[in-house]
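Student: Could you take a close look at the salt bridges here, and at one arginine that takes part in them?

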Amino acid sequence: MSLQVWILRRRVNGCFRRREFSSDAAKSIGKRIEKMLIANRGEIACRIIRTAKRLGIRTVAVYSDADERSLHVREADEAVRIGPPPARLSYLNAQSIIEAASRTGAQAVHPGYGFLSESADFAKLCEDEDLTFVGPPASAIRDMGDKSASKRIMGAAGVPLVPGYHGDEQDVDFMKMEADKIGYPVLIKPTHGGGGKGMRIVERSDDFADSFLGAQREAAASFGINTILLEKYITKPRHIEVQIFGDRHGNVIHLNERDCSVQRRHQKIIEEAPAPNISHEFRSHLGEAAVSAAKAVNYHNAGTVEFIVDTLSGQFYFMEMNTRLQVEHPVTEMIVNQDLVEWQIRVANGEPLPLSQSQVPLSGHAFEARIYAENVSKGFLPATGILHHYRPVQVSSEVRVETGVEQGDIVSMHYDPMIAKLVVWGEDRTSALIKLKDCLAKFQVAGVPTNIDFLSKLANHGAFLNGEVETHFIELHKKDLFTDSNDTFSTNQAFRNAIRGASIAAACICGKEQAAMRKNAHGIMPIWYSNPPFRVNHSAKCTLEIECEDESGKACPQALPIQLTYLQQGRYFVEAGDSSPKLDLTVSHMGNDDFRVEHDGVSMTVSVFVHEKNQMEHIHLWHGSFHHRFRRRKGLNLDDIDDSAHHKPVHETSSHPPGTVLAPMAGLVVKVLVKDGVKVAEGQPVLVLEAMKMEHIVKATSAGYIHGLRVTPGQQLAVDAVLFSVKAE
């Protein structure tokens, strides 16, 4: 009798081991998945496609008009359009997805995470259409996906709960009374979905109504359901979650825990497994509680039980259960050496879990850093644009890059702005963290602002190095993590680093242009690029006016005049102002955007990328742990320029009068809260913008009268569009 073989990933001298199962375990297996539709987009769709291909399963992608040329569409065997860009008309359109499965002959649907992954109605619809839903049963999604229902179930099972309101009544006045009973601060949270969308922390009773209504709108836009629950907000918590897995044979195990405490806007940005600084006994109690929760609802497939840990008392409380694969599942895969998407598919096929609880390993330590297109300096507002340059780090058995984009792709305003997930593994936390810091320094993105520099600061912070994490980590250490313009020492140090970076970038640009000129000159070279460069009574010099940019693309007020003297054999003498040290650099172009630069006997590899936007050349320099951003006027000619040449810097000037308020991001006007001409106080909300399913409240910058407010709900706005102005009283 033949054996059913399940290939289990094992990190043994770089090889995998096979584990065999007897045919007895396969007798209950019915039809097997041969063709699967992925009801999602982006990196998770690509992630699922990769495993499916390895298993020989054909894949069907679905896409909106905004994703027609996306990576997940190109990687799937087939792809079906399901609607226009808004998620509610495409990726949340269950009927369109079912029709796509029917048209292509798919036997199964994998929901990924987000969108319809925690919709009991969608899971039931798949079952009704004889499609295998690669996830838990609809009943478990209904019981545990509804955060209020899941808390009632856990309460009945004796699992500790945070004080709060989890009922059906949703009237704003009633909810406000409940919040007053709980005591402030309170946490407003949608009963469905995740990712921090719709969550609000309310400090005062007066702020409750607006926060509650905003949370309802955001929940409806993200998940199609706007019901809300309330919880007492724990002031010094950790967010620790447990990965559980069940099969259709009644087996449920946990695969250890993950710490997801480091968050911004209630969204995780660095996760790790296992959680640092917890005891084996604590880990065991968490795992047992998570398994009990899953068994209470006859759970099978992948799920995550989230706990909030009060760091002051050491007590943990059930928070919610996510009835799907989590964004951060790769860190668990790294420490247990298993492919959880493969587990999902095999469990959906009816196969038993390959491991018992006692066989689950805990090998080493793993981190995941989420790389987003966002403006860190603007409160982590999402950003949109073209990925003009995208060079992730080299992947290996210990370094993964989960992504759904390639160079040249567009980060759309319609969906989550995550560009990639960087996942690293090490034998222990220290070695894994060293790899994380190195990979972040080498991860190159240009064209949109990102949080890569911020992630590097997080990973290098002393408290993070020691594993002293909590959900307020960023707020607690903001002085270390954010640039303070009033800190003279830090500002001066940053300026010195920028000058050095601008000098290196200018020399590399000249070196690349020289190499191109030599290649195309057919023996005739301009005097600037001759070897040796020679002109009677003159040195071959040029001056580049380069402006520094911050992470968001905003130019610094002062331009840097970089004067280069070309000597010979790729050697440059670079001067950047009277007070800056002079640099003698030798530049070798290694191909594409890479250079080898030697200074004072030390050579290093640097990358310089230039792209054009708004009549400017935007220059990115990566060297060591630094990523510098500059720009210069487009079309500067370096040929045969002497030391008398002078080029005026181009500064962005604003024609907007004082008091003008601009759109901080591209987005949709959701609500206008005041009328043109009314009197407002400083900080008073004026309108609500939505981008990538997150709401942002635009407030009056000063007291006065609103003037020029012409936007209306439903209107689409570009970043920096004029919204209104505030005129003094």
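What follows is a walk through those charged pairs.

Tutor: Sure, ground rules before we zoom in. This is a predicted model, where local features need pLDDT of at least 70 and side-chain atom pairs count only at pLDDT 80 or more, while totals for chains, interfaces and linings use all residues. Residues are numbered from 1 along each chain as its sequence is written, and side-chain values use heavy atoms, with hydrogens and water left out.

Call it a salt bridge when a side-chain nitrogen of Lys or Arg lies within 4 Å of a carboxyl oxygen of Asp or Glu; that rule gives 53 of them. Now to Arg370. Its side chain meets that of Glu271 in a salt bridge, 2.6 Å from N to O. That pair ties together distant parts of the chain, with Glu271 in strand E14 (residues 267–273) and Arg370 in strand E17 (residues 365–372), 99 residues apart. Strands here are DSSP runs of at least two residues, numbered from the N terminus. Arg370 also forms a salt bridge with Glu368, the closest N and O atoms being 3.8 Å apart.

How covered up are these residues? Buried means under 20% relative accessible area, exposed over 50%, and partly exposed in between (1.4 Å probe, protein chains only). Arg370 is buried at 7%, Glu271 is buried at 0%, and Glu368 is buried at 0% too.

For contrast, try Asp207 and Arg204, whose side chains make a salt bridge at 2.9 Å, N to O. Here Asp207 is partly exposed at 31%, and Arg204 is partly exposed at 45%.

Note on methods
Helices (H or I, at least four residues) and strands (E, at least two) are DSSP runs, numbered from the N terminus.
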